[in-house]
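User: I am new to this structure and would be grateful for a close look at a single part of it. Please set that part in the context of the whole chain.

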Amino acid sequence: MLIIPVKDGENIDRALKRYKRKFDRTKTMKNLRNRKQFTKPSVSKRAQIIKAKYVQKLRTAEEQG
């Protein structure tokens with residue numbers, strides 16, 4: 001549960017923005033979306049490996065170019 005203390009005289013938009021930022025940082029929605037459907041461990045591991053290869057390729061291209 002997120003608690004955002006609102007100070008006296010503080011704009012409600014600013015407090016709402018703080019709430020949204022805090023909510024995004026807790027990654028609540030990301031976890032909910034991941035739990036909606038089951039992914040096999042081998043599939044998730046394969047996706048991680050593909051992502052790592054892609055990032056490594058970008059970094060080597062940046063170093064060389």
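The request and the reply below concern the first helix and its surroundings.

User: Which residues form the salt bridge with Glu10 and the aromatic pair with Phe23, and how does helix α1 (residues 12–26) sit within the chain?

Analyst: The model is a predicted one, and its confidence should be stated before any detail is read. The protein chain averages a pLDDT of 93, and 100% of the residues score at least 70. Among the elements of the chain, the lowest mean pLDDT, 92, belongs to α2, while α3 has the highest, 96. Where pLDDT is low, predicted coordinates should not be read in detail.

The overall plan comes next. The protein chain contains three helices and zero strands, so that its elements, read from the N terminus, run α-α-α. Helix α1 covers residues 12–26, the segment 28–36 is α2, and α3 takes up residues 41–64.

Helix α1 has 15 residues, for which a span of 21 Å is expected at 1.5 Å a residue. The C-alpha atoms at its ends are indeed 21 Å apart, which agrees with that expectation.

The salt bridge involves the segment before α1, where Glu10 is found. Its partner is Arg18, and the closest N and O atoms of the two residues are 2.6 Å apart. This distance lies within the 4 Å that a salt bridge allows. A search of the whole structure finds one salt bridge. The two partners can also be described by their exposure. Glu10 counts as buried, because its relative accessibility of 17% falls under the 20% cut-off. Arg18, with a relative accessible area of 22%, is partly exposed. Leaving aside residues up to four places away in sequence, Glu10 touches Pro5, Ala15 and Arg18. Arg18 is thus named both as the salt-bridge partner of Glu10 and among the contacts of Glu10.

The aromatic pair is the second feature to examine. The structure holds one such pair. Tyr19 and Phe23 form it, and their rings are stacked, with 6.1 Å from centre to centre and 25° between the planes. The pair counts as stacked because planes under 30 degrees apart are classed in that way. The positions of the two residues along the helix are also informative. Tyr19 and Phe23 are four residues apart in α1, and are therefore separated by about one helical turn. An α-helix has 3.6 residues a turn, so residues three or four places apart point the same way. Both rings belong to partly exposed residues: the relative accessibility is 35% for Tyr19 and 24% for Phe23.

Arg21 also lies in helix α1, and it is partly exposed, with a relative accessible area of 39%. This residue offers a link to the far part of the chain. Tyr54 stands 33 residues from Arg21 along the chain, and the C-alpha atoms of the two are separated by 29 Å.

The end of the helix has a backbone detail of its own. Just after α1 comes Lys27, placed in the loop between α1 and α2. Phi of Lys27 is near 60°, a positive value in a residue other than glycine. Most residues other than glycine have a negative phi.

The surroundings of α1 complete the picture. Helix α3 has 24 residues and reaches 35 Å from its first C-alpha to its last, close to the 34 Å expected. Of those 24 residues, the number buried is zero, so α3 lies largely in the open. In the loop between α2 and α3 is Gln37, which counts as exposed at 57% relative accessibility. The C-alpha atoms of Gln37 and Lys7 are separated by 40 Å, the two residues being 30 apart along the chain.

The values for the whole chain can be set beside these details. Of its 65 residues, 5% count as buried. Its radius of gyration is 20 Å, whereas a compact globule of 65 residues would have a value near 11 Å. The C-alpha atoms fill a box of roughly 55 × 40 × 10 Å, taken along the principal axes.

Technical notes: Residues are numbered from 1 along each chain as its sequence is written. This is a predicted model: local features need pLDDT of at least 70, side-chain atom pairs count only at pLDDT 80 or more; totals for chains, interfaces and linings use all residues. Side-chain values use heavy atoms; hydrogens and water are left out. A salt bridge is a side-chain nitrogen of Lys or Arg within 4 Å of a carboxyl oxygen of Asp or Glu. Buried means under 20% relative accessible area, exposed over 50%, partly exposed in between (1.4 Å probe, protein chains only). Rings of Phe, Tyr and Trp (its six-membered ring) pair if their centres lie within 6.5 Å; planes under 30 degrees apart count as stacked, over 60 as edge-to-face and the rest as tilted. The expected span of a helix is 1.5 Å times one less than its number of residues. Contact means heavy atoms within 4.5 Å. pLDDT is the predictor's confidence in each residue, from 0 to 100. The radius of gyration is taken over C-alpha atoms; the globule rule is 2.2 Å times the number of residues to the power 0.38.
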